[in-house]
Amino acid sequence: MCGRYTSTRGPEDLTRLFQVTDWSPAETLAPSWNVAPTDEVYAVLERAGRDDGEEVRRQLRVLRWGLVPSWAKDPKVGSRMINARVETVHEKPAYRRAFAKRRCLLPADGFYEWEPVKDEATGRTRKQPYFIHPADGQVMAMAGLYEYWRNPDAAGDDHPDAWLTTCTIITTEATDAAGRVHPRMPLALTPDHYDTWLDPHHHDTDDLRALLIQPADGRLDARPVSTAVNSVRNNGAHLLDAAT
């Protein structure tokens, strides 16, 4: 799974890296070295206009991490839907409509996983956090889905609280350093697959699933970091320092 990640690049960098055409300065997030479920996160997505033939535009949006299906009665379910397994994402009721119509990329510097280790001094098992990231320092474009949820308590679609837009990260079997720490990892796409993945008119699920291949070996590094990352209250670049 992916339960925490880092996202420190600003919108200026992200709009350039992902060739974004639409971004509102009002949707600006502070850098985070400890992104946690239900946090607001950056997402790259494409939306077509309401009128036939209107141009599809690539947007940088702020979404809430933890997908809330449109049919959910309570948005709190999103905290349990931060990840979707690549093996079943196309058929699970909570994800299949979004997989066909509402796909996104979630930019990250890297992610955290925890490995159970035995403390030789006490004999107890503890969880050692690792920061796992691209070896070349490039951005990770994690494959994701997004969904709209209508708040039944808000009067009118134009009410500021009428709509909640949420997202989830697609995960796969772990490889490289990630596989030595945890059996699952976020599935990152390569730039040559961005256009097809984001295209809102592309609904062929078999074709889309073919993009979600297991990452090649040799692209990830991992290092143990302080258990300070365990608390969502902690943030800052010091979380990436190697554990001593």
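Buried, as used here, means under 20% relative accessible area, while exposed means over 50% and partly exposed covers what lies in between. Keep that to hand for the exercises below, and remember that the model is a predicted one.

**Exercise 1. Work out whether Tyr112 and Trp114 are buried or exposed, and how their rings are arranged.**

Step 1. Start with burial. Tyr112 and Trp114 are both buried. For Tyr112 the relative accessible area is 0%, so it falls under the 20% cut-off.

Step 2. Now the rings. The whole structure holds six aromatic pairs. One of them is Tyr112 with Trp114, with 6.4 Å from centre to centre and 45° between the planes. Ring centres have to lie within 6.5 Å to pair, and planes neither under 30 degrees nor over 60 apart count as tilted. The Tyr112 and Trp114 pair is therefore tilted.

Step 3. Look for further partners. Ring pairs tie Tyr112, Trp114 and Phe131 together into a cluster.

**Exercise 2. Classify the ring pair made by Tyr146 and Tyr148.**

Step 1. Back to the list of six aromatic pairs in the structure. The ring centres of Tyr146 and Tyr148 are 5.8 Å apart and the planes meet at 85°, so this pair is edge-to-face.

Step 2. Check the burial too: Tyr146 is buried, and Tyr148 is as well.

**Exercise 3. Describe the surroundings of Tyr112.**

Step 1. Place the residue. Tyr112 belongs to strand β7, which runs over residues 110-118.

Step 2. List its contacts, skipping neighbours within four places in sequence. Tyr112 then touches Arg4, Tyr5, Thr6, Trp33, Tyr130, Phe131, Val225, Val229, Leu239 and Leu240.

Step 3. Take a closer look at Trp33. The Tyr112 side chain reaches the backbone oxygen of Trp33 at 2.7 Å.

Step 4. Compare sequence with space. Val35 is 77 residues from Tyr112 in sequence, yet their C-alpha atoms are 9.8 Å apart.

**Exercise 4. Find which rings have an arginine over them.**

Step 1. Try Trp197. The charged end of Arg103 sits over its ring, 5.6 Å from the centre.

Step 2. Try Trp163. Here Arg150 lies over the face, at 5.8 Å from the ring centre.

**Exercise 5. Set out the burial and the partners of His133 and Gln59.**

Step 1. Take His133, found in strand β8 (residues 125-134). Its relative accessible area is 15%, so His133 is buried.

Step 2. Find the polar partner. The side chains of His133 and Arg223 make a polar contact at 3.4 Å. Arg223 also turns up in the contact list of His133, along with Asp109, Gly110, Arg219, Leu220 and Asp221, once neighbours within four places in sequence are set aside.

Step 3. Move to Gln59 in strand β4 (residues 57-65). With a relative accessible area of 16%, Gln59 is buried.

Step 4. Do the partners again. The side chains of Gln59 and Arg61 are joined by a polar contact of 3.5 Å. Not counting residues up to four places away in sequence, Gln59 touches Val20, Asp22, Ala43, Val44, Leu45 and Arg47.

**Exercise 6. Locate Gln19 and Thr38 and say what their phi angles look like.**

Step 1. Gln19 sits in the loop between α1 (11-17) and β2 (32-35). Its phi is positive, about 55°, although Gln19 is not a glycine. At a relative accessible area of 61%, Gln19 is exposed.

Step 2. Thr38 is in the loop between β2 and β3 (40-47). Thr38 isn't a glycine, but it has a positive phi of about 75°. Its relative accessible area is 40%, so Thr38 counts as partly exposed.

**Exercise 7. Decide how compact the protein is for its length.**

Step 1. Count the elements: the protein has five helices and twelve strands.

Step 2. Compare the radii. The radius of gyration is 18 Å, close to the 18 Å from the globule rule for 244 residues, so the protein is as compact as a globular protein of that length.

Step 3. Add the overall extent. Along the principal axes, the C-alpha atoms fill a box of roughly 65 × 40 × 35 Å.

Step 4. Look inside and out. Of the 244 residues, 48% count as buried. The protein exposes about 12500 Å², with 47% of that supplied by carbon and sulfur atoms.

Step 5. Finish with contacts. Among those between residues at least 6 apart in sequence, 68% join residues at least 24 apart.

Technical notes: Residues are numbered from 1 along each chain as its sequence is written. This is a predicted model: local features need pLDDT of at least 70, side-chain atom pairs count only at pLDDT 80 or more; totals for chains, interfaces and linings use all residues. Side-chain values use heavy atoms; hydrogens and water are left out. Buried means under 20% relative accessible area, exposed over 50%, partly exposed in between (1.4 Å probe, protein chains only). A charge sits over a ring if NZ of Lys or CZ of Arg is within 6 Å of the ring centre and within 35 degrees of the ring normal. Helices (H or I, at least four residues) and strands (E, at least two) are DSSP runs, numbered from the N terminus. Contact means heavy atoms within 4.5 Å. A polar contact is a pair of N or O atoms within 3.5 Å; within protein, one must be able to donate a hydrogen and the other to accept it, and residues adjacent in sequence count only if both atoms are side-chain atoms. The radius of gyration is taken over C-alpha atoms; the globule rule is 2.2 Å times the number of residues to the power 0.38. Accessible areas come from the Shrake-Rupley method with a 1.4 Å probe; for residues, only the protein chains shown count as cover.
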